[in-house]
Amino acid sequence: MSQPSQLHENKPPVYPAVNYLNADRGVWSWLTTIDHKRIGVMYLISVMIAFLLGGIFAMALRVELLTPGPTIMGANTYNRMFTLHGVVMIFLFMIPAIPGVFGNFCLPLMLGAKDVAFPKLNLLSLYLYWTGATLVLAGMVMGGTDTGWTFYTPYSTTTPTTLFPVLLGIFILGFSSIVTGLNFIVTIHTLRAPGMGWMRMQLFVWAIYATSIIQVLATPVIGLTVLLVGIEKVGGFGLFDATRGGDPVLFEHMFWFYSHPAVYIMVLPAMGVVSEAIAAFSRKNIFGYKMIAYSSLGIAFVGFFAWGHHLFVSGQSPFNDGAFAVISMLVGVFTAIKVFNWVATLYRGAIAVKTPLIYICGFLFFIVFGGMTGIAVATVSLDVHWHDTYFVIAHFHFIMVGAVIMAFLIAVHYWFPKMFGRMYHEGWGMVAASLIVLGFNATFIPQFLLGNAGMPRRYYMYPERFQALNVASTAGASLLAFGFVIILIYLIYALVRGEVAGDNPWDSRGYEWMTTSPPPKHNFDETPIITKDPHSYQEPGEEVEHVVI
Amino acid sequence: MSSSDTHVPNPHLAHHYETIEKQDYAVRLGMWLFLGTEVLLFAGLFLGYTVYRHFYHEAFHEASRHLDLWAGATNTVVLITSSLSVALAYDAIKRGKTKRCAALLIFTIACALAFLVIKGIEYSHKFQEGALPGKWYHYAEVTAPGANLYYTVYFLTTGLHAFHVIVGMSILIWLLSRVLRGHFSESYYVPVELGGLYWHLVDLVWIFLFPLLYLI
């Protein structure tokens, strides 16, 4: 296996002496920076800590479920643990992960800009994230919440556990998300380099654009909703309390109006990452550029009108059920458009089997499998059977872990040399990737079977007949965890001792690779002028390069 | 285009923008997006109003008769007037008339304060009567089921709106202090424009709240 860069470069790659990482020194220069790249790096560290925490909670849950009876914790601890897992993974990891880290780091580079539109607001969004995260975790330490991440009323307004700090934390995290989204929309509108029309933007930029629209339009509603639950709990206003005339289903509508589109806040950037990496690792122009770009907007649009499929058993009218079911299935159409285009990009490409490609293959399988089961649970009659069972758990973990975390790992490996100028160890990368793809399947495929057999979610005890599949799932989760630990070790090693990567180790045609790796403080020594379409690997008169594996 | 005629670098131009026009466009777009998020923030409460008005039509109708129509109407006039004065303040600074702008901003801030005072008096009456939200409700004159929810919605919407009035007022005071220190001129006035836009939103929300809560 040879590095692509070695094929046409004989001199060893150089690490740029002055770059954004060492241009200013000291902790204070990081905490007060308005450089989008440094903010991206700080987001990377923050979300990885959140992911580690959420992962530890997940492992605790899996260990508890090894035996039908109590194993290592009681019912209340279990309830707090799955709430903690959900809240941390969704609000602290998945929503900010790809936009916060790679959106911040790569978006201005891909646009040929010096920074995002509002650099100070960008730093503010990071501080809001830290504040919200601290509040959420403090609330959990102060007594914990046992409502699950969905905070359904009237349970959430009557539970004796500490809820208010968690809700306030989520409210503040929402602000962080809105500020990021608003910043990216304005950046994409105003800071494109000369020559970059809308149809010359990279597909990651399109994906972030669609994501940002959802962040800006949906997040205020969850902000208000969690605030109302908090007020309700403290003040007893009766808004969602049926004993005072209130309507708990209203809460469900308001909650899912955000929380369903929030799935696309997580998935759309993931799809953007795959569009970038799949072109780079098949060394081929992306197939169906426009369709991939438009389908991102399509998902963002349709995603706003699908929330009612969470309420099939909440007493919604049959007409609503049917309408929401059909609209939900439309998401599958747009996703399928993307999948076909990705596969067509791979077809007859000069495929470079590197770590990110393993994750790409995993991603494609998971999004198809998770998507198909999504169509299944969007079917009203089937959902009545599967609602609140492990089938639903397995379905959304296929999308959120299977698709989003695979994409996050693609992004980490693909852009690691861009961010830090060094390479991770390819061999260990392959080992970890194989472990994770296998471990993921072993964790969640048994959960589909458990759910179909009738095991409800959020229970810490279960009948003995479910034990074999639960043990299989926990074994898979251990593989998964082992894979993540390997990644953490070799990435930290690569930061310090990794081989110098050179400016463009993948020989990618993405615009973010036009500058040095790591980039200088102001991104480009001179403003780039864009003269060709993105992801362009073949040009007239230019020989197509094939990487020898 | 007047600012690009000179070759002196504009102190208000951030390093990552090419021209001041582009930067102004960016901040305006950012503000409009932000106003969009504000509309959606209130939308959740308007949804709550709609649902409960549908459920408890009679209680809502009856309870709305017990609001102080005069106070509400006066506040509506006060806010619409303040919207006009903030627009005139923007027009003044655009022509470089700093003093005129400052006077109009002071008038707008006074209107905001008047609104809050009237609203405060209204609130204190409601507190005395016991027309309070949820479990605190003990107002004897409206006993129809759902009346407590009317006052829940009333306090939540007007409370959130009053919070926005306070924020808007703070922004106007900050703008006034910058106007008085001579920060703005006919070539640089975008912050006044954005502050004015925010104030219009505060006004607009009330224009929806007033008929929904007081009139119908």
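Author: Let's start with a term: a residue is buried if 20 or more other C-beta atoms lie within 10 Å of its own, exposed if 12 or fewer, and partly exposed in between. Keep in mind that this is a predicted model.

Reader: Okay, let me try that out. Is A:Asn523 buried or exposed?

Author: Find A:Asn523 in the segment after α16 of chain A. A:Asn523 has 24 C-beta neighbours inside 10 Å. The cut-off is 20 or more, so A:Asn523 counts as buried.

Reader: And what about the phi of A:Asn523, what is its value?

Author: Most residues other than glycine have a negative phi. A:Asn523 is not a glycine, yet its phi is positive, at about 75°.

Reader: Then how does A:Asp388 count, with its C-beta neighbours inside 10 Å?

Author: A:Asp388 sits in the loop between α13 (380-386) and α14 of chain A. Its phi is also a positive value in a residue other than glycine, near 60°. For burial, A:Asp388 has 13 C-beta neighbours inside 10 Å. That number falls between the two cut-offs, so A:Asp388 counts as partly exposed.

Reader: Which residues does A:Trp513 contact, leaving aside its neighbours within four places in sequence?

Author: A:Trp513 lies in the segment after α16 (467-497) of chain A, and it is buried, with 21 other C-beta atoms within 10 Å. Take A:Asp503: it is ten residues from A:Trp513 in sequence, and the two C-alpha atoms are 6.9 Å apart. With neighbours within four places left out, the contacts of A:Trp513 are A:Lys418, A:Asp503, A:Asn504 and A:Ser508.

Reader: Where is A:Pro518 found, and what is the omega of the peptide bond before it, from A:Ser517?

Author: A:Pro518 belongs to the segment after α16 of chain A. Most peptide bonds are trans. The bond from A:Ser517 to A:Pro518 is cis, with omega near -10°.

Reader: What about the peptide bond from A:Thr153 to A:Pro154, is it cis or trans?

Author: Look for A:Pro154 in the loop between α5 and α6 (155-158) of chain A. Omega for the bond from A:Thr153 to A:Pro154 is near 0°, and the bond is cis.

Reader: Which helix gives the most to the largest nonpolar core?

Author: That core has 233 residues, and those with the most contacts inside it are A:Val274, A:Val404, A:Ala407 and A:Ile410. With 24 residues, the helix that gives the most to it is α14 (residues 390-420) of chain A.

Reader: So what does A:Val404 touch, not counting residues up to four places away?

Author: A:Val404 is one of the residues with the most contacts inside the core. Skipping residues up to four places away in sequence, A:Val404 touches A:Met94, A:Met266, A:Val267, A:Ala270 and A:Ile399.

Reader: How do α5(A) and α7(A) run relative to each other?

Author: Helix α5 (residues 119-141) of chain A packs on α7(A) at an angle of about 160°, with the axes 7 Å apart. The crossing is left-handed, and by class the contact has 17 nonpolar, nine polar and no charged residues. Angles over 145 degrees count as roughly antiparallel. The angle of these helices therefore makes α5(A), relative to α7(A), roughly antiparallel.

Reader: Which helix supplies the largest share of the side of chain A that touches chain B?

Author: In this contact, 30 residues of chain A meet 28 residues of chain B. On the chain A side, α7 (164-190), α8 (203-235) and α9 (248-282) each supply at least two residues. By class, that side has 17 nonpolar, nine polar and four charged residues. The largest share, eight residues, comes from α8(A).

Reader: And how does α8(A) lie relative to α1(B)?

Author: The axes of α8(A) and helix α1 (residues 20-55) of chain B come within 8 Å and cross at roughly 40°. The crossing is right-handed, and the contact includes A:Leu217 and A:Val221 of α8(A) along with B:Leu40 and B:Leu41 of α1(B). At that angle, α8(A) is, relative to α1(B), oblique.

Reader: Last one: how many helices are there in chain B?

Author: Chain B has 216 residues, and 37% of them count as buried. Its C-alpha trace spans about 70 × 30 × 25 Å along the principal axes. From the N terminus on, the elements run α-α-α-α-α-α. Strands number zero, and the helices number six.

Terms used: Residues numbered from 1 in each chain as written. Chains lettered and ligands numbered in written order. Predicted model: local features only at pLDDT ≥ 70, side-chain atom pairs only at ≥ 80, totals over all residues. Core = buried A, V, L, I, M, F, W, Y, C linked by C-beta atoms within 7 Å. Helix = DSSP H or I, 4+ residues; strand = E, 2+ residues; numbered from the N terminus. Contact = placed C-beta atoms within 7 Å. Nonpolar A, V, L, I, M, F, W, Y, C, P; charged D, E, K, R; others polar. Axes fitted to C-alpha atoms, helices over the stretch in contact; angles between N-to-C directions. Parallel < 35°, antiparallel > 145°, perpendicular 65-115°, else oblique. Left-handed = near helix turned anticlockwise from the far one by under 90°.
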